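Reader: I'm new to looking at protein models, and I'd love some help with one stretch of the chain. Could you take me through a single loop closely, and then show me what lies around it in the rest of the fold?

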Amino acid sequence: MGRHISTTKILRSLFRAAIGIILLPAACASIVSTYKLLFKTLTNINFYKPFLIGAAIYLVIDVLIRIFPYAIKNSNASYVLAHELSHAFAAILFLKKIYGIKIRKNHGSIKMSGSNFIIGLAPYFIPFYALITAAVCQTMTYFFPGMIARKYFIGITGFFIAFHFRHTAEMLLGPIQPDLEEEGGRIFSFTVIIIFSCLT
């Protein structure tokens, strides 16, 4: 029985690796399209200035956190929270039931009624805090057109985008994460993450 499960898992990983290779052109096209889209709006300095300032503030804070090891231990919990909530958010979109979420300083877990590769990889392409900030900003802008605080929300979004990319890069470039291994390995996972990150 154990051998059958192992063989099935290997075949599934090989199949998904093949799918990942097939999707590589789509991933490259996504990167190019996203670049072109962003390049067209780079001239809007009124938008990008607060965004870049927010990102720079996070990077400075991140450097300071790394100077003090105790702070690193506590800062990881905020990423773990976003990681597990991203799983939960994707699961809800697929009408799955959430039975419980556990958050620790360096790891977390979630119990749900089912999963798929999008739910499994969601934390790597959903910048959770940034999307929440952007959603709050858009909602307030709708009710208060011309809101002066909009630039601050854009700055906070930049802060959390930098937070997301820094932690995601650390997770993806380190030892293979259980999420990636479960979803078929690095080739498939990285391809999917690139495509969905560009869409996000």
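Author: Happy to! Find Leu95, which sits in the loop between α4 and β1 (98-103). Please keep in mind that this is a predicted model. Is Leu95 buried or exposed? Leu95 counts as exposed because its relative accessibility is 76%, and the cut-off for that word is over 50%. Its backbone deserves a look too: phi of Leu95 is near 60°, a positive value in a residue other than glycine.

Now place that loop in the whole chain. The secondary structure comes to 9 helices and 2 strands, in the order α-α-α-α-β-β-α-α-α-α-α. In that pattern, the loop of Leu95 falls between α4 and β1. The C-alpha trace spans about 65 × 40 × 35 Å along its principal axes. Of the 200 residues in the chain, 34% are buried. The chain exposes about 12,600 Å², with carbon and sulfur atoms supplying 73% of that area. As for charge, there are 19 positive and 7 negative side chains, and the centres of the two sets lie 6 Å apart.

Next, step from the loop back into α4, the helix on one side of it. Rolling a probe the size of a water molecule over the atoms shows where empty space is left. The structure holds 1 cavity of 30 Å³ or more, and the largest cavity has a volume of about 80 Å³. Which helix gives the most to its lining? That is α4, with 4 residues. Helices α4 (69-93), α6 (128-143) and α7 (150-173) each supply at least two residues of this lining. Tyr79, His83, Phe128 and Phe163 are among the residues that line the cavity.

Helix α7 takes us on to an open space. The largest pocket contains about 1,000 Å³ of space, and α7 gives the most to its lining, with 9 residues. The lining has 34 residues, of which Leu38, Ile161, Phe165, Ser197 and Thr200 lie nearest the centre of the pocket. Other helices that each supply at least two lining residues include α2 (24-41), α3 (45-67) and α9 (186-199).

Two residues of α7 make a good contrast with Leu95. One of them is Ile154, which lies in helix α7. Ile154 counts as buried because its relative accessible area is 8%, and buried means under 20%. Leaving aside residues up to four places away in sequence, Ile154 touches Phe47, Pro50 and Phe51. You can also compare Ile154 with Ile193: these residues are 39 apart along the chain, and their C-alpha atoms are separated by 24 Å.

The other is Thr157, also found in helix α7. Thr157 is buried too, with a relative accessible area of 14%. With residues up to four places away in sequence again left out, Thr157 touches Phe51, Ala130, Thr133 and Ala134. Phe51 therefore appears in both lists, as a partner of Ile154 and of Thr157, and both of those α7 residues are buried.

Contacts that link distant parts of the sequence can be counted for the whole chain as well. Among contacts between residues at least 6 apart in sequence, 67% join residues at least 24 apart. To finish, return to your loop: Leu95 is exposed, whereas Ile154 in α7 is buried.

Conventions. Residues are numbered from 1 along each chain as its sequence is written. This is a predicted model: local features need pLDDT of at least 70, side-chain atom pairs count only at pLDDT 80 or more; totals for chains, interfaces and linings use all residues. Side-chain values use heavy atoms; hydrogens and water are left out. Buried means under 20% relative accessible area, exposed over 50%, partly exposed in between (1.4 Å probe, protein chains only). Contact means heavy atoms within 4.5 Å. Accessible areas come from the Shrake-Rupley method with a 1.4 Å probe; for residues, only the protein chains shown count as cover. Lys and Arg count as positive and Asp and Glu as negative; His and the chain ends are not counted. The place of a charge is taken as NZ of Lys, CZ of Arg, CG of Asp or CD of Glu. On a 1 Å grid over the protein atoms alone, a cavity is a set of points where a 1.4 Å probe fits but cannot get out, and a pocket is an open set with protein on both sides within 12 Å along at least five of seven lines; lining residues have an atom within 4 Å of a point. Grid points are joined across faces, edges and corners, and a volume is the space filled by probe spheres set on the points.
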